Amino acid sequence: MKKYFTILVAILSLSLKGRAGEGFYPSFRGAWIATVANIDWPSKEAVGDTEKQQEEMIWILDSLESIGINAIIFQVRPTADALYYSEYEPASHWLTGKQGDSLSWDPLEWTIREAHLRGMEVHVWLNPYRVNLATTDTSILAAEHVFRQHPEWFWEYNKQWYFDPGLDVTREWICTIVQDIIERYDVQAIHMDDYFYPYPAGGKPIPDSETFAKYPRGFEDIRDWRRDNVNLAIQAISETIHECKDSVEFGISPFGVWRNADVDSTGSATKAGITNYDDLYADIRLWIQKGWIDYVLPQLYWEIGKKVADYEILAHWWANEVRGTNCKLYIGMAPYRLENASPKTTWGVGNEISRQMRLNRTIPEISGECFYSTRPLLRNPRGVCDTIQSIYRKDNAQKRSDFLPWE
């Protein structure tokens, strides 16, 4: 017994030493499956065709599994619609061809089962406020859509309609959707990306002054009020998730820059034209500090060395933000940028994804990575799938924890 204990201590010591010097080997290896505009699934050719949709999803899951992916982030609510059975929101036209058409199968339940058979987690991806895309006006919305029932809950910005974040009923509605999914499906996380308040469009003002005047909640600056609107939503969603099923996580994948250092000395050494805090009214740092989110997955879609937004600088900045908290850090990466990349750019020379993955392994706080998005990834531009597979195999071979003599 003493002999085994000595061996265990020695191996643990090596493991900890390795982690301190080399960073964590990513335990979360994800890929986003985008359904909006049929980006990843289903293809436009498979819309309305259950058999074809299932065949495509099987191909996606098998292909992702083959390169080492162990989690999917599956978009099931792109525009206040549903790619699952829902009594609250209509079936998505990205799935059926016409919003509100009845479903002959439950894509979420079926995909969960198939993913779990392959050892993959399923994180369901919800867009909280968006009702339509600029390319799809409200004429496509089903009669039963909440937009038809309660038009006073929404406002329009740059040809798109959004739930008004300043209304209590908006937060309540989103929490109802979240609770419904958690109670009926075996998902591992609720996931939201960077679409909170809309991205600025040509200096157009956000049309929420009337809501602010009516429900200021003590705020004098509308920008602080907007941030608080989103803070209240994130806190409420977090509480809803953990009250329903504490094992389910809440993850956010924000735009890669919180604030620039020239505006806030605690921000990153970047010159991004848009930031979470100042333009999207998403104070990710606060959510991390308050413990409202279980993981943060910043979209670092820029190359190492980019002057206005350097991947390496941002990876370290986010690592510093989660240090000492209970929030895990995964990194969002952009293999789509390898497609048709000019040989005069970083993405067209060498292997930028490989460089970034190697960098991730030198930062202990980074415990996962995720690739956007699945179709471009699986087209294997510049051999990126082979690179990922090779690195993940090397990770597995080097994981000392796999060899601890627990028995």
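Is asparagine 38 buried or exposed, and what is its relative accessible area? Asparagine 38 is buried, with a relative accessible area of 12%; the cut-off for calling a residue buried is under 20%, so the label fits. Bear in mind as you look around that this is a predicted model.

**The barrel**

Let us start with the strands. Eight of them form a closed barrel, in the order β1-β2-β3-β6-β7-β8-β9-β10, and the pairing is parallel. Strands of a sheet pair through backbone hydrogen bonds, either parallel or antiparallel. Take the pair formed by β1, residues 28–33, and β2, residues 71–77: these two run parallel and are joined by four bridges. To find one spot in that pairing, look at alanine 31, whose bridge partner in β2 is isoleucine 72. Helix α4, spanning residues 107–117, packs on the sheet and touches both β2 and β3 (121–126). The direction of α4 makes about 180° with that of β2.

**A mostly covered helix**

Next, turn to helix α12, residues 352–360. Seven of the nine residues in α12 are buried, leaving this helix mostly covered. The buried ones are Glu352, Ile353, Ser354, Gln356, Met357, Leu359 and Asn360. What lies over them? The cover includes two helices, α11 (311–322) and α14 (384–398), along with the barrel strands β9 (328–333) and β10 (366–371).

**Backbone features in the loops**

Most residues other than glycine have a negative phi, and most peptide bonds are trans. Against that background, here are four places in the loops that deserve a look.

| Feature | Value | Loop |
|---|---|---|
| Asparagine 38, positive phi | about 55° | between β1 and α2 |
| Alanine 80, positive phi | about 50° | between β2 and α3 (93–96) |
| Tryptophan 41 to proline 42, cis peptide bond | omega near -20° | proline 42 between β1 and α2 (50–67) |
| Tyrosine 372 to serine 373, cis peptide bond | omega near -15° | serine 373 between β10 and α13 (374–378) |

The loop between β1 and α2 holds asparagine 38, and proline 42 has its place there too. Neither asparagine 38 nor alanine 80 is a glycine, yet each has a positive phi. Alanine 80 is buried as well, with a relative accessible area of 0%. As for the cis bonds, one leads from tryptophan 41 into a proline, while the other leads from tyrosine 372 into a serine. Serine 373 follows strand β10 in its loop, and β10 is among the elements that cover the buried residues of α12.

Definitions and conventions: Residues numbered from 1 in each chain as written. Predicted model: local features only at pLDDT ≥ 70, side-chain atom pairs only at ≥ 80, totals over all residues. Heavy atoms only, no water. Pairing = 2+ DSSP bridges. Contact = heavy atoms within 4.5 Å. Axes fitted to C-alpha atoms, helices over the stretch in contact; angles between N-to-C directions. Buried < 20%, exposed > 50% of the residue type's maximum accessible area, 1.4 Å probe, protein only.
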